[in-house]
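Subject: Structure handover

Hello,

Here is the structure you are taking over. Please open it first, then read my notes beside it.

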Amino acid sequence: MEAVSATMKAINFPATSTVPRATVSITAASPWSQTKLNMLTFYAPNPNTRFSSICLPRCSTKPNTDTNNETDQNPTFEPNPSLTTENPSSAVSDEVIPSSSNPPSSLSRGLVLDLGPVGSWDCTDIGSPVVKRFLSDEEERWYMWYHGVSTDSQGSDSIGLAVSSNGVHWERGKGAVKSSADVGLVMSCGNDWWAFDTQSIRPGEVVIMSSAKVRASSAVYWLYYTGYSNEKVDISADSLGFKVQNPENQSSQTGEVLRSLPGLAISQDGRHWARIEGEHHSGALFDVGSEGDWDSLFISSPQVVFHGNGDLRMYYHSFDVGNGVFSIGMARSRDGMKWIKLGKIMGGGPKGCFDELGAMNPYVVKNKKDRNYVMAYEGVGADGRRSIGLAMSAEGLKDWRRVEDEAVLKLATMEDGWDSKGIGSPCLVEMDGDVDEWRLYYRGIGNSGRCGIGMAVSDGSDITRFRRWKGFQV
């Protein structure tokens, strides 16, 4: 295996018979564009292994980023329409579990992914859906990365993958993936005592792009995720009327707030991931703010959007102690690894509104029709209840405006509905082709804190009106 040079500007995947060594200019592919996705056969030595140089052999040097975000004159980010793919469904694990194909009842309307069966990696809790749609001339494929908790994981989250042919009926796995055709658990918490992600992990976004800093035969998946350590953060929020938690955990009523930071992992098949060490000493991409800053407690739910050549934007949330509200901020990067914070862009809404106590879990997409930015976010009401709101921006920077004072998706009206106690963690998908609509995937919470993942659809191209999925129209 070649040694990692201290001055190397490219990051090497090992040359093997299945993954030939190649240098690819940095490109970003819109994950839901009408392209074919490259699905290479790639096996990391251990899906939980941390790699500090985006290089698959075990090593301890950080990735070379000798050009910083202000001075790097040679970033290359551009749409990549030439991705190709093997059929990921050509071989399936024996433990693949299909979701129900029955139309939803009135109590389960909108539910597309319930808890896994007893003994599975996601049988206790699920959420944080990151959904991508891929179209080709031959087929339609959907991938969903999400977090899950098992009965024997002591409350720690893992990240898994489910696949679908229509975005409604999903195939999931009971255990960890073993090949590039499997579905199931794909990433567990870090094992390094000094790392930022030893307690829990949750996916924030998956971007498909290639980079001059990554040597691989084609574009790879970049997973931005939240990592939680066991460091507890002291916060006095008794006046809010609800418990502030980080991560959100329906089975816990303690209001525990753990330090969390944004992380990055890279994969060639979306299943086997290599962690990338960021500039922070814990391996995270960057640190919380200084004392008194709006994001001094934690960084959570990093979601990354490709804006243009050498311009990636990250949206994330924290709890602004000074104002007593959840807030959303952003950072900017040329290479997806080194980030510069730009500050807070959204806080609490007007008094009496569904998001009076703030906005969290942002998910931003660029509208293909008018090129404006659309943000779906989780609004926190004065009573702590959650619903989903929308905001829009022409540039995606600090000019965000709420679409309405009302949520675009509220709690289920039926008392026993699967999502009657809370909804959040939105993920927007703009449909291509003949279907002129948006899909909104979200986490729902019902009685006794039972969680699931649901889907709502827009009223045609009107993104301000969503209804829970009731079944396909025939």
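**Two four-stranded sheets**

Ile328 stands opposite Met346 in E17. Find that pair first. Keep in mind that this is a predicted model.

Ile328 lies in strand E16, which covers residues 325-333. E16 pairs with E17 in the antiparallel sense, over 5 bridges. Another residue to look at is Met330, whose bridge partner in E17 is Gly343. Now look at the turn. The hairpin of E16 and E17 has 6 residues between the strands. There, Gly336 takes a positive phi near 80°.

E16 also pairs on its other flank with strand E15, residues 311-320. These two run antiparallel and are joined by 9 bridges. Phe319 has Phe326 in E16 as its bridge partner. The hairpin of E15 and E16 has 4 residues between the strands. Here Gly324 takes a positive phi near 70°.

How enclosed is E16 by the rest of the structure? Of its 9 residues, 8 are buried, so E16 is largely enclosed.

Zoom out to the whole sheet. It is open, with 4 strands in the order E14-E15-E16-E17, and the pairing is antiparallel. Which strands stand at the edges? They are strand E14 (300-308) and strand E17 (340-346). Each has a single partner strand, so one side of each is left without a neighbour in the sheet. On average, neighbouring strands of this sheet are turned by 30° against each other, direction ignored.

Next comes another open sheet. Its 4 strands follow the order E18-E19-E20-E21, and the pairing is antiparallel. Strand E18 (359-366) and strand E21 (401-402) are the edge strands, and each pairs on one side only.

Start at E18. It pairs with E19 in the antiparallel sense over 6 bridges. Val364 has Met375 in E19 as its bridge partner. The hairpin of E18 and E19 has 6 residues between the strands, and Arg371 takes a positive phi near 65° there. E18 is an edge strand, yet 7 of its 8 residues are buried, so it is largely enclosed by the rest of the structure.

Move on to strand E19, residues 373-380. It is joined by 8 bridges to strand E20, residues 386-393, and the two run antiparallel. Ala376 has Leu390 in E20 as its bridge partner.

**Aromatic rings**

How many aromatic pairs does the structure hold? There are 15. One of them is formed by Trp170 and Tyr441, and it is edge-to-face. The centres are 6.5 Å apart, with 80° between the planes. Trp170 lies in strand E8 (residues 170-173) and Tyr441 in strand E23 (residues 438-445). The pair therefore ties together parts that are 271 residues apart in sequence. Are these two residues buried or exposed? Both Trp170 and Tyr441 are buried.

There is also a cluster of rings to find. Ring pairs link Phe134, Tyr143, Trp145, Tyr221 and Trp273.

**One residue and its contacts**

Now pick out Ile159. It lies in strand E7, residues 158-164. Its relative accessibility is 0%, and any residue under 20% counts as buried, so Ile159 is buried.

What does Ile159 touch, beyond residues up to four places away in sequence? Its contacts include the aromatic residues Trp121, Tyr146 and Tyr225. Leu185, Val186 and Met187 are also among them. So are Ile201, Arg202 and Pro203. His147 and Leu223 complete the list.

Ser188 is worth a look here too. Ile159 and Ser188 are 29 residues apart in sequence. In space, they are 6.4 Å apart, C-alpha to C-alpha.

**Cysteines**

A disulfide is a covalent bond between the sulfur atoms of two cysteines. How many disulfides does this structure hold? The number is 0. Look at two of the cysteines anyway. Cys123 is buried, with a relative accessible area of 13%. Cys451 is buried as well, at 3%.

**Where to begin**

Begin with the hairpins, and compare these three residues on screen: Gly324 in the hairpin of E15 and E16, Gly336 in the hairpin of E16 and E17, and Arg371 in the hairpin of E18 and E19. Then turn to Trp170 and Tyr441, and view their edge-to-face pair.

Best wishes

Notes: Residues numbered from 1 in each chain as written. Predicted model: local features only at pLDDT ≥ 70, side-chain atom pairs only at ≥ 80, totals over all residues. Heavy atoms only, no water. Disulfide = S-S within 2.5 Å. Buried < 20%, exposed > 50% of the residue type's maximum accessible area, 1.4 Å probe, protein only. Contact = heavy atoms within 4.5 Å. Pairing = 2+ DSSP bridges. Phe/Tyr/Trp six-rings, centres within 6.5 Å; stacked < 30°, edge-to-face > 60°. Axes fitted to C-alpha atoms, helices over the stretch in contact; angles between N-to-C directions.
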